[in-house]
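Me: Please take a close look at one part of this structure. I would like to know what surrounds a bound ligand.

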Amino acid sequence: MDRILVTGGTGYIGSHTVVELQQAGYPVVIIDNLSNSNRDVLDGIERITGIRPDFVEGDCTDIETLRKLFADYPGIKGIINFAASKAVGESMQKPILYYRNNLNTLMNLLDLMAPNDVKGIVFSSSCTVYGEPDENPVTEQSPIKKATSPYGNTKQISEEIITDVINAGAPFKSVILRYFNPVGAHPSAEIGELPNGVPQNLIPYLTQTAIGIRKELSVFGDDYDTPDGSCIRDYINVVDLAKAHVLAVKRMLEDKSEAKIEIFNLGTGNGVSVLELIDTFEEATGVKVPHKIVGRRAGDIEKVWANPTYANEVLGWKATSTLEDTMCSAWAWQCRLRERGIM
Ligand code: NAD
Ligand code: UFG
């Protein structure tokens with residue numbers, strides 16, 4: 001089968017996607033600079049699938065590294081580009097890092113696709129492109145609002161770069177996937193989310209609190225215009241999300257795309273508040289999460305959730321995991337890290 005290049009493939013979503021690609025029969029080569037992941041992830045992938053993916057430690061902002069990769073691994077027909085810096089708050093402090101890393105990575109890949117006969121690229125975008133939506137759920141046609149952070153801006157600009165390059169006649173296709181909030185871990189607990197340092201995102205902070213690494217989870221605000229006052233998001237299971245990438249790759253490589261650029265929202269369609277999520281975790285796992293309400297976090301969106309109909313009908317993808325099972329998977333992963341003495 002056609003070989004797939006997965007940039008950022010040892011990261012959180014990338015590693016789960018590599019598992020699904022390998023289980024679907026695709027040979028994978030990963031490039032990752034390990035800036036936000038580590039080599040042990042390769043062991044986890046191998047334990048689940050029985051296959052160790054090819055791995056290049058390298059930086060996608062260096063085009064010569066990528067040129068060499070294409071020469072060393074011939075037959076790459078598809079790319080999934082996860083490699084990016086992704087912390088919204090950090091991007092406010094270090095905008096150049098974000099613009100340089102996220103945009104140069106994408107442009108280098110786009111530059112090398114035609115000369116290497118690559119047929120398509122899947123791009124990791126985000127619901128941050130919708131900003132604070134006027135109406136929920138959001139469809140792919142909902143307005144793109146001014147980005148609230150350099151990180152969000154890199155996703156908007158990246159979508160524009162892909163569009164410009166393909167409209168200029170590039171001989172390949174793209175599927176742009178706008179993720180809502182990916183959470184949970186592989187059911188084997190062999191891979192999961194392992195952010196460096198103090199987690200910024202809700203679920204890793206919550207599981208680290210539940211296991212006693214952190215004293216208390218802060219709930220950022222209970223005075224929003226939502227039923228319980230806390231923010232609402234669409235929490236999507238990471239394995240469900242990973243499976244959408246296999247469908248997207250297949251679609252491009254088998255010439256089933258309806259247009260040279262297709263955009264899909266990947267969410268469940270359900271909006272869940274922070275307080276509801278804590279309750280769901282506690283009920284599903286039987287473990288209490290000490291928490292307190294604090295002030296709002298700057299830059300947070302009040303509420304956003306997806307209308308995933310287009311992905312359901314056209315991509316043939318649907319989120320199937322329950323939130324309870326997803327919370328249990330996140331907890332099992334946290335417990336596994338404890339067993340291994342990692343956290
Ligand atoms: P992650 O940080 O776990 O994974 C990204 C990987 O890319 C890491 O392993 C990192 O080491 C690597 N990387 C970063 N820059 C690189 C470079 N220049 N060269 C090579 N490797 C590089 O993040 P994730 O949560 O798996 O996110 C994957 C993608 O999905 C990102 O593009 C992110 O912006 C996007 N996304 C994530 C979320 C989310 O909430 N996790 C939501 C929407 C979109
Ligand atoms: N939250 C807390 N306490 C915490 C952490 C988060 O109450 O300690 C709340 C936030 O205020 C927000 C919700 O939990 O209401 C989710 O916050 P996350 O930080 O987990 O996620 P965000 O929605 O802010 O952003 C995430 C990723 C972005 C991505 C976006 C959309 O961090 O990279 O989802 O996909 F773009």
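Reply: Here is a close look at the surroundings of ligand 2.

This is a predicted model, in which local features need pLDDT of at least 70, side-chain atom pairs count only at pLDDT 80 or more, and totals for chains, interfaces and linings use all residues. Residues are numbered from 1 along each chain as its sequence is written, chains are lettered from A and ligands numbered from 1 in the order in which they are written, and side-chain values use heavy atoms, with hydrogens and water left out.

Start with the shell. There are 21 residues around ligand 2 (a residue is near a molecule if one of its heavy atoms lies within 4 Å of it). Ser126, Phe180, Ser218, Arg233 and Asp300 come nearest. By kind, the shell holds eleven nonpolar, six polar and four charged residues. Here Ala, Val, Leu, Ile, Met, Phe, Trp, Tyr, Cys and Pro count as nonpolar, Asp, Glu, Lys and Arg as charged, and the others, Gly among them, as polar. Strand β8 (residues 217-220) gives the largest share, four residues. Strands are DSSP runs (E, at least two residues), numbered from the N terminus.

Now the atom pairs. Ser218 places a backbone N or O atom 2.7 Å from a nitrogen atom of ligand 2. Tyr179 has a backbone N or O atom 3.2 Å from an oxygen atom of the ligand. The side chain of Ser126 has an N or O atom 3.5 Å from an oxygen atom of ligand 2. Taken alone, ligand 2 exposes 690 Å², and the protein buries 90% of that. Such areas come from the Shrake-Rupley method with a 1.4 Å probe.

Terms used. A polar contact is a pair of N or O atoms within 3.5 Å; within protein, one must be able to donate a hydrogen and the other to accept it, and residues adjacent in sequence count only if both atoms are side-chain atoms.
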